[in-house]
Each structure stands twice: as C-alpha cells, then as structure tokens.
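User: I have a chain open on my screen and would like to go through it. Can you walk me through the fold and a few side chains?
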Amino acid sequence: MDESGWAGLLTVPREVTLADDGTVRQQPAHELLALRGPQLLKSTGLSTTDDEAADLGQVGRCFDLTARLTAGLTASGTGEGSLRLVTSADGAEHLDIRLDATNRQIIVGRDHASLDPRAHGGSYPLPCPTTGPVELRLIVDHSVADLYLSTGQTLTMRFYPVGDAPWRIQADGELEYTVEAWELQPTAVDVDLAEGHEA
C-alpha cells in the first residue's frame, strides 16, 4: 500500500514449464486439487443477449472454479459473453471475465469490482486459442483472484470487494458455458496461523 510504503502479494503455488515454442506456461500446482472441498455449483447452459444474466449459483469467499466457454458469433450478436463474480446484493459490485470471440481474448474487468473509492479499476486482456472453446481456472481467496488459461497464460489481481451479500456466479451475453466450482479448504498451516499457533 502507498500509505505503508510497501506492496506485496502471495499467490497459490504454480507449476512453471517451458513449451516447445519457447514460451513460459503456468498452471496451479497439482497438489491444490487436494484443497477442494464440497462442490458449490455445476452448471451447463447458454445465455443470450435477449436474456437477463443467468444465475449459476453461490460461491464462498475462497473457491476454485473451472469453466469451458464458447462465445456466440451471430449476425445480430457481439461475439462476447462474460462470467461474472457478483459480490453485492444489488449486483453493482462485480468482477467480469469476458470472452471476446472476435479478437480471441479473455478480458478481466475490475472497473466495478469494488465500491471502495480507493480501489483501482482497469481491464486486463489475455490472448486465448484462435479456435474452439476457452478453458480456464479461477482461484479466488477473498480479494485475490488467480486466472489460468489452458494455454499457460495467467493473471493475478486484487479486487477488494466490500459487499457483505453471498457471492454468486453469473453468465451474461452470448455465451455457451460449463462451469464447476468447489469450496477451498484451509490447510493445517492456515488453521494454525488463524488460531495464533506457530507454523
């Protein structure tokens, strides 16, 4: 933080590999699958621009989500669809993960991610495969979001939600989706630290 004179962030462990084309690819460490608890939602469907956003279900403040997304490309459509993490009761506070099928990008938008006036907005694009559906994984721990694409592209950001309503996932725009999410369980180290014990 500017006021404190420092800034830092810890994220989940990652596996880093070098692809045949020389690019660096990152994925969450395989061991993180062991932290998945009860499944929170599983939804497959199709949203259109003629409908209200489809409500896929509730998630907690710590969750692990996978999605397979295909944005529609119709004569009347935009070729865009979004997954939205809604963190306020009225929907005003939300983090958007938008698939732009025309430009083959995933765009993470946090302009509405926090109602705190000190929070920064902005949009962050990641290239995605030139053909076929986009597969992604989103790991959220309160105000930290880690987004991983199956291509090895990744983005980590803070988004500072202040709403106290149950969080929920929505699909909006022209989007064919399969989405699953699991609660993330704390590790023994997390529990010890929360209870004031030395790790």
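Analyst: A term to begin with: accessible areas here come from the Shrake-Rupley method with a 1.4 Å probe. By that method the chain exposes about 11,100 Å², and carbon and sulfur atoms supply 51% of it. This is a predicted model.

User: How much of the chain is buried?
Analyst: Of the 199 residues in the chain, 38% are buried.

User: And what is it built from, in helices and strands?
Analyst: The chain has 1 helix and 14 strands.

User: Which strands form open sheets, and in what order?
Analyst: One open sheet has 6 strands in the order S4-S13-S6-S7-S8-S9, with antiparallel pairing. Its edge strands are S4 (54-59) and S9 (123-127), each pairing on one side only. Neighbouring strands in this sheet are turned by 20 degrees against each other on average, direction ignored.
Analyst: Another open sheet, also of 6 strands, runs S3-S14-S5-S10-S11-S12 and is antiparallel. Here the edges are S3 (36-47) and S12, and each pairs on one side only. The average turn between neighbouring strands is 15 degrees, direction ignored.

User: Staying with that one, how many bridges join S5 to S14?
Analyst: S5 (residues 62-71) and S14 (residues 175-184) are joined by 9 bridges and run antiparallel. To find the register, take Thr70: its bridge partner in S14 is Glu176.

User: What about S11 and S12, how do they pair?
Analyst: S11 (residues 144-149) pairs with S12 (residues 154-158) in the antiparallel sense, over 5 bridges. Leu147 has Leu155 as its bridge partner in S12. The two strands form a hairpin with 4 residues between them. In the turn, Gly152 has a positive phi of about 95 degrees.

User: That one is a glycine. Which residue other than glycine has a positive phi near 50 degrees?
Analyst: Arg104, whose phi is near 50 degrees. Most residues other than glycine have a negative phi. Arg104 sits in the loop between S7 and S8. Those strands, S7 (residues 94-100) and S8 (residues 105-109), pair in the antiparallel sense over 5 bridges. One of the partner pairs is Asp96 with Gly109 in S8.

User: Why does Arg104 count as buried?
Analyst: Because its relative accessibility is 18%, and buried means under 20%.

User: Where is Tyr160, and what is its phi?
Analyst: Tyr160 is in the loop between S12 and S13 (167-173). Its phi is positive, about 45 degrees, although Tyr160 is not a glycine.

User: Why is Tyr160 classed as partly exposed?
Analyst: Its relative accessibility is 40%, so Tyr160 counts as partly exposed. That class lies between under 20% for buried and over 50% for exposed.

User: Switching to rings. How many aromatic pairs does a search of the whole structure find?
Analyst: The search finds 1 aromatic pair. Phe159 and Trp167 form this pair, with 6.2 Å centre to centre and 55 degrees between the planes, which is tilted.

User: Are those two buried or exposed?
Analyst: Both Phe159 and Trp167 are buried.

User: And what lies over the face of Trp182?
Analyst: Arg36 does, at 3.8 Å from the ring centre.

User: Last one. What share of the contacts with a separation of 6 or more comes from residues 24 or more positions apart?
Analyst: Residues 24 or more positions apart account for 62% of those contacts in the chain.

Notes
Residues numbered from 1 in each chain as written. Predicted model: local features only at pLDDT ≥ 70, side-chain atom pairs only at ≥ 80, totals over all residues. Heavy atoms only, no water. Pairing = 2+ DSSP bridges. Phe/Tyr/Trp six-rings, centres within 6.5 Å; stacked < 30°, edge-to-face > 60°. Buried < 20%, exposed > 50% of the residue type's maximum accessible area, 1.4 Å probe, protein only. Lys NZ or Arg CZ within 6 Å of the ring centre and 35° of its normal. Contact = heavy atoms within 4.5 Å. Axes fitted to C-alpha atoms, helices over the stretch in contact; angles between N-to-C directions.
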